[in-house]
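Visitor: I would like a close look at a single part of this model, the place where the two chains meet. Please take me through the contacts there, and then through what lies around them.

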Amino acid sequence: MSKRFQLAIGLALMLILIPVSASAMHIMEGFLPPVWCISWGALTIPFIVMGLFSINKTVRENPRLKILIAMAGAFAFVLSALKIPSVTGSCSHPTGVGLGAILFGPSAMSVLGLIVLLFQALLLAHGGLTTLGANTFSMAVVGPLAAYFIFRLVKKAGGPQWLAVFLGAALGDLLTYVTTSVQLALAFPAEIGGFGASLAKFTGIFAVTQIPLAISEGILTVLIFNAIAAYGKDELKALKLFSPGGANHAK
Amino acid sequence: MQSETLTQKNGSKMAANIAMIVIVVALAVLPLFIVKDGEFGGADGKAEEAITEINAEYQPWFSPLVEPKSGEVESLLFALQAAIGAGIIGYGLGWLRGRAKNQDVK
C-alpha cells in the first residue's frame, strides 16, 4: 500500500469517526473500554481525596497562599490550551501540572488537574467524561508525582533550583504521555506482539511528539517560578521552597 | 553601588528570561519547517488510527455530550481557556509585585 493510500484510509476513518474533528491529546471520549475507564477512575480517587485535604490544610494554615493555588491552577489551564506543533508532524499540548506539584505537592495538583480536564471534557469535547479517570491518572496523578519527586531528587543531589524546576516539570509532562501510551496499550494489545508492540506504537505517537513540548513546559515553568520567587518570597518561605536569588541563580 | 549590582543582576536575569522565551518559540516554530509534509493534526487523531489498526472492530462506546459546532468555535473555547488562565496569572503576579513594592517603601 502506498503511503498516500494509507493516509487516505486513515483520514476517511477519522472523518467517519469524528464528524467534528475534536483533537485531543488525552484519551478520546469512548475510546477506552468501560472496564479500564472504571479501573483508572478508581485508582485516581485516593489522590483526589488526599488532594482535597491537602489544599484545605494549606489554605487553613496560610490563607495568603490562596492566590498561588489559583495561579498554579491557571498555569495548567493556560498550558493545556496551547496546542503546539511538534517534530512528528502532529500537535500536542503541555500539561502545566509541574508548577503546582512543586509548590503544593502532588495530590493538590491532582485536584486542580481534574478541574482542568473536566472543563475540557465538558465544553471542548477534548478528552472525555468516560476517559476522565484515565486522563486524570496520567496528567494529574503520574505527572505531578513525577514532577514533585524529580524536583526533590535534584535539590537533594545539590542541583540548582532552576534545574530542579526544569527537570521536574519537563519529565512530569513527558511521563504523563508515557502513561497515556501505557493505558492505551493495556486496553489495545496488538494481535501480534501484544502489549509491547502496542506500547511502542502509542509511545511513538504520544511520547515522541511530547519531547520538544516537555522541554518547552520545563522552560515556561522555570520562568513563572522565577517570577513568583521574585515577588512572592513570603509565600515560598511558607512553602519551604525559598532560596535567595530566585530559581535561576540559586546554588 | 548596591543599586548598580542590583541592576546588573536584573539585566542578566532579563537576558536569561529572553533566551528561554526564544528557545520556547523556536521549539514550536522549527517543527513547521523541519517536517515539511506534516499535517499537524492532533496526536489523538493518530492514536485513533492506531487503535483502528490494532482492533478494526472497536467502536467508541460513548460520544461527547456537547461538541463545539466547528473548528472556529473550538478555537474560541481554547482561546478563552488560555485567556482566563493568563488573566489569573497576570493578576496574581501583579498583586505580588505591588505588595513587594509597598513593603520596600515601608
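Guide: What follows goes from the interface as a whole to single salt bridges, and then to a surface patch and two loop residues.

The model is a predicted one. In it, 62 residues of chain B are in contact with 78 residues of chain A. About 6100 Å² of area is buried between the two chains, and carbon and sulfur atoms give 72% of that area. There are also polar links: 11 residue pairs are in polar contact across the interface, both residues of each pair being at pLDDT 80 or more. On the side of chain B that touches chain A, the elements giving two or more residues are α1 (2-34), β1 (41-42), α2 (43-54) and α3 (71-105). Helix α3(B) provides the largest share of this side, with 19 residues.

Now to the charged pairs. Over all chains the count of salt bridges is six, and three salt bridges are found across the interface of chain B and chain A. One pair is Glu53(B) with Lys201(A), where the closest N and O atoms are 2.9 Å apart. This pair joins two chains, because Glu53(B) lies in helix α2 of chain B and Lys201(A) in helix α8 (residues 194-231) of chain A. Glu53(B) is exposed, since its relative accessible area is 56% and the cut-off for exposed is over 50%. Lys201(A), at 32%, counts as partly exposed. Glu74(B) and Lys83(A) form a salt bridge as well, at 3.7 Å from N to O.

A network of salt bridges links Arg64(A), Asp234(A), Glu235(A) and Arg99(B). Within this group, the side chains of Arg64(A) and Glu235(A) meet at 3.9 Å, N to O. These two residues are 171 residues apart and link distant parts of the chain: Arg64(A) is in the loop between α2 and α3 (66-79) of chain A, while Glu235(A) is in helix α9 of chain A. Glu235(A) is buried, with 0% relative accessibility, whereas Arg64(A) is partly exposed at 37%.

For a salt bridge inside one helix, take Glu61(A) and Lys57(A), which meet at 4.0 Å, N to O. Both lie in helix α2 (residues 34-61) of chain A, four residues apart, which is about one turn of the helix. Glu61(A) is exposed at 58%, and Lys57(A) is partly exposed at 46%.

Next comes the surface patch. Residues of both chains take part in it: Leu118(A), Leu122(A), Leu123(A), Leu65(B) and Val66(B) form a nonpolar patch with about 440 Å² of accessible area together. One of these, Leu118(A), lies in helix α5 (residues 106-124) of chain A. Leu118(A) is partly exposed, because its relative accessible area is 34%, a value between the limits of 20% and 50%.

Last are two loop residues of chain A. Most residues other than glycine have a negative phi. Ala125(A) is not a glycine, yet it has a positive phi of about 50°. Ala125(A) sits in the loop between α5 and α6 (132-156) of chain A, and it is buried, with a relative accessible area of 4%. Lys240(A) has a positive phi of about 60°, and it is not a glycine either. Lys240(A) is in the loop between α9 (233-238) and α10 (246-249) of chain A, and it counts as exposed, at 73% relative accessibility.

Methods: Residues numbered from 1 in each chain as written. Chains lettered and ligands numbered in written order. Predicted model: local features only at pLDDT ≥ 70, side-chain atom pairs only at ≥ 80, totals over all residues. Heavy atoms only, no water. Patch = residues over 30% accessible without salt bridge, like charges linked within 9 Å, V, L, I, M, F, W, Y side chains within 5 Å. Areas by Shrake-Rupley, 256 points an atom, 1.4 Å probe, with all protein chains shown as cover. Buried < 20%, exposed > 50% of the residue type's maximum accessible area, 1.4 Å probe, protein only. Contact = heavy atoms within 4.5 Å. Buried area = accessible area lost by both parts, 1.4 Å probe. Polar contact = N/O pair within 3.5 Å; in protein donor to acceptor, adjacent residues only side chain to side chain.
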